[in-house]
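Hi everyone, thanks for coming. Let me put the structure up on the screen, and then we'll walk through a few parts of it together.

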Amino acid sequence: MGVKSAPANPAATNIQRSVLVFGGSFDPVHQGHVALVQHFAKLLKVDEVRLIPAGQPWQKGGLKATAEQRIKMLELAFDEQLSVPYSIDQQEIERAAAQIPSYTVDTLTNMRSQWGNAQLNEEIALILLIGADQFHNFATWKNWQQIFKLAHIVVAARPGYSLQIDTLPSEFAALWQQANGAIEDLKQCSFGKTWLETDLAWDISATRIRDELQQQGQTRETTSLIPRKVLDYLQSQGIYN
Ligand code: ATP
């Protein structure tokens with residue numbers, strides 16, 4: 001497999017708006033999700049946040065919480081937690097409900113097409129936020145190379161996942177290295193730059209929370225990892241009992 005060069009990015013365009021895009025299963029939403037978005041929204045001085053709950057898999061063995069419950073948890077968790085506007089984009093849930101496979105590349109493409117004309121798109125920086133676990137899988141995502149032409153990519157360190165570039169597939173590692181630069185670069189153009197945030201170490205995962213809730217019920221440790229309003233909602237719905 002040949003190494004492709006990084007896609008051309010309109011040099012030093014006039015960025016008018018930057019949008020942080022954060023997708024996940026959110027089964028359940030936990031404090032790590034909220035802290036991550038707060039951290040990057042501030043660090044990158046974004047104008048807007050879009051939360052993208054993943055579609056409910058229609059195959060057997062999917063998520064525990066329904067799409068409606070995950071949307072509700074996002075609303076409860078993020079209410080009044082950000083200093084910039086946020087919205088919950090349901091396109092992946094809608095595609096899954098129609099039994100259409102859902103991929104990040106399609107989500108980003110849709111976002112860009114919703115904004116319409118090319119000039120406007122050059123003025124909007126899209127910043128895709130993922131955790132280190134997803135960084136490891138990135139080269140398995142559908143049309144992952146295309147994502148470099150649609151958005152910047154920022155990665156949050158996560159306990160248990162290395163950020164060593166040389167352990168990643170070579171084509172991905174090469175593209176990543178070419179795109180990696182200073183954090184200010186993300187404000188200079190609308191897509192195609194990358195940034196690793198190495199200093200984070202929030203040891204929180206939805207899988208662990210689900211397992212502990214199921215096995216031990218609500219312990220003090222587990223409940224401290226879930227936003228208060230989400231916790232009340234989980235109790236009222238009995239989702240992970
Ligand atoms: P699960 O354990 O079910 O995989 P999760 O805790 O990773 O869930 P998701 O909803 O799948 O939660 O995560 C959404 C995004 O947030 C992903 O990009 C994931 O890598 C990132 N993320 C979640 N928790 C953390 C964390 N503690 N540190 C860094 N990134 C995280």
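Let's begin with β5, helix α8 (residues 170-179) and β6, which together make a right-handed β-α-β unit. Keep in mind that we're looking at a predicted model. In what sense do strands β5 and β6 pair? They pair in the parallel sense, with four bridges between β5, residues 152-156, and β6, residues 194-197. If you'd like a spot to look for, find valine 154 in β5: tryptophan 195 in β6 stands opposite valine 154.

Now please move over to helix α4, residues 104-114. Its buried residues are Thr104, Thr107, Leu108 and Met111. They sit on the same side of α4, because they cover an arc of only 95 degrees around the axis. And what do the buried residues of α4 pack against? Their partners are the strands β1 (17-24), β2 (48-53) and β4 (124-131), along with the helices α3 (91-97) and α7 (144-147). Just after α4 you'll meet glycine 116, with a positive phi of about 80 degrees.

Last stop: the ligand. How many residues surround the ligand? There are 18, and the closest are Gly24, Gly32, Gly131, Ala206 and Thr207. Several elements share the job: α1 (31-43), β4, α6 (132-137) and α9 (206-216) each supply at least two residues of the shell. Helix α1 gives the most, with three residues. As for character, the shell has seven nonpolar residues, eight polar ones and three charged ones.

That's my tour, so please ask away!

Note on methods: Residues are numbered from 1 along each chain as its sequence is written. This is a predicted model: local features need pLDDT of at least 70, side-chain atom pairs count only at pLDDT 80 or more; totals for chains, interfaces and linings use all residues. A residue is buried if 20 or more other C-beta atoms lie within 10 Å of its own, exposed if 12 or fewer, and partly exposed in between; C-beta atoms are placed from the backbone. The arc is that of the directions from the helix axis to the C-beta atoms. Two residues are in contact if their C-beta atoms, placed from the backbone, lie within 7 Å. Two strands pair if DSSP finds at least two bridges between them. A crossover is right-handed if, with the strands pointing away from the viewer, the path from the first strand over the helix to the second runs clockwise. A residue is near a molecule or strand if its C-beta atom, placed from the backbone, lies within 6 Å of it. Ala, Val, Leu, Ile, Met, Phe, Trp, Tyr, Cys and Pro count as nonpolar, Asp, Glu, Lys and Arg as charged, and the others, Gly among them, as polar.
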